[in-house]
Amino acid sequence: MMNIHIDKTGDFGFVTTKEAFHGRILGRNRREIATIEYDNSTLRAKLLITMGEDSISLSSHGKYLTGTAGDFLINGTKYGRYNHTNLHSLEMSTCAGEMILQVAEDDADRRFLWAYRQGESRGNAKAYSSSKYALLLGRDYALASVLRPMDKPFCFAPNMSFELLNDADEDVFYQRSKEEQLCILVCSCWWLCDRLHHAKSGVDPVAENWRHLSVPSTLCIGNRLTFLPEFLEPRNPRVEFLSTQPVFMWLWLVVALVLGLVILPVCQGGFTSDAVAFVIYSTIIPASWIEFCRFWNKRAKQRLKHLEEQLNARETEPSFNR
């Protein structure tokens, strides 16, 4: 499991941020993989990651890297551009505009079904489905243990040791080229450079239990690389429904309909206007919420399907220039 240990930090507070930090990125057996330095004490934010004799660096024209775009250098030479103008995504591409990495928003339902349909328990799958995580998409791989680039914190904690990649994603990391490894480290550590991020208050140990699982981020099914649970066999429809649907709202809706359509008419000797009013007003909230969830889930599925199609199309393109 890949971790980052922060050796030096700036001031902490309720809505403050680190002005500077440096640390060590450790892999299995606590072997040091790289070092990281970040500074935004001047009007330019700078990030440097060094891995052996190789390094990647980038800087912004503003106080923070959040919400900016610019060039990044590998071993002192311009290699490509990063784009974080969309606060919930991050892209790294070559100078020619070919995509190297893309951090995209993940979906909690996708994550639950993905883990559960591969044999994990309901509890482990629920932990894996934590919405704090994003998808890191490369040319022919995807990593699902990367923290989202942007969120709001509650407060900051003094414990400055964080997990970056789980074991399955760390295996994929070692299979990539040095340039891609450096880019993966940038994307994995980006949230530490954000002005505000919930993970600075400490990562929930319950939600972090899934990192010890052997759930791969992708599977190759029928010569297609996928991270979509639709390609996996459903396991337990009841558990899957209870874990991915607004059950409380469904229960509220059923109870309201039974009261309005059955119990009240029986008590009042007929279906009166009071019963009609009760049915209308008592079902507005649950029905609206259920419809909103249905719309949101449909939108998320379409977005994730589009990302998966992009991932498989990228596999067939010529390799980007080194």
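A residue counts as partly exposed when its relative accessible area lies between the buried range, under 20%, and the exposed range, over 50%. Asn-75, at 41% relative accessibility, therefore counts as partly exposed. These values, like the others below, come from a predicted model, and the points that follow cover backbone angles, nonpolar cores, aromatic rings and charges over rings.

**Positive phi outside glycine**

- Although Asn-75 is not a glycine, its phi is positive, at about 55°, and the residue is placed in the loop between strand S6 (69–74) and strand S7 (77–83).
- Arg-30, which is likewise not a glycine, has a positive phi of about 55°, and this residue is found in the loop that runs between strand S2 (20–26) and strand S3 (32–39).
- The relative accessibility of Arg-30 is 59%, so this residue counts as exposed.

**Nonpolar cores**

- In soluble globular proteins, nonpolar side chains tend to be buried together.
- The largest nonpolar core in this model holds 49 residues, of which Ile-4, Ile-56, Leu-65 and Phe-72 touch the most other members.
- Helix H4 (residues 178–189) supplies the largest share of this core, namely seven residues.
- A second core, separate from the largest one, has 22 residues, and among them are Leu-113, Ala-125, Tyr-128 and Leu-307.
- When neighbours within four places in sequence are left aside, the contacts of Leu-65 include Tyr-38, Ala-45, Leu-47 and Leu-58, as well as Ser-59, Ser-60, Tyr-82 and His-84, and they also include Trp-190 and Cys-193.

**Aromatic rings**

- A pair of aromatic rings is described by the distance of the centres and the angle of the planes.
- Seven aromatic pairs are found when the whole structure is searched.
- For Phe-72 and Tyr-79, the ring centres are 6.0 Å apart and the planes stand at 45°, so this pair is classed as tilted.
- Phe-72 and Tyr-79 are both buried, and Phe-72 is also one of the residues that touch the most other members of the largest nonpolar core.
- One aromatic cluster is formed by Trp-289, Phe-292 and Trp-296.

**Charges over rings**

- The charged end of Arg-111 sits over the ring of Tyr-128, at 4.5 Å from the ring centre, and Tyr-128 is itself included in the second core of 22 residues.
- Over the ring of Tyr-116 sits the charged end of Arg-235, at 4.2 Å from the centre of that ring.

Notes:
Residues numbered from 1 in each chain as written. Predicted model: local features only at pLDDT ≥ 70, side-chain atom pairs only at ≥ 80, totals over all residues. Heavy atoms only, no water. Core = buried A, V, L, I, M, F, W, Y, C linked by side-chain atoms within 4.5 Å. Buried < 20%, exposed > 50% of the residue type's maximum accessible area, 1.4 Å probe, protein only. Helix = DSSP H or I, 4+ residues; strand = E, 2+ residues; numbered from the N terminus. Contact = heavy atoms within 4.5 Å. Phe/Tyr/Trp six-rings, centres within 6.5 Å; stacked < 30°, edge-to-face > 60°. Lys NZ or Arg CZ within 6 Å of the ring centre and 35° of its normal.
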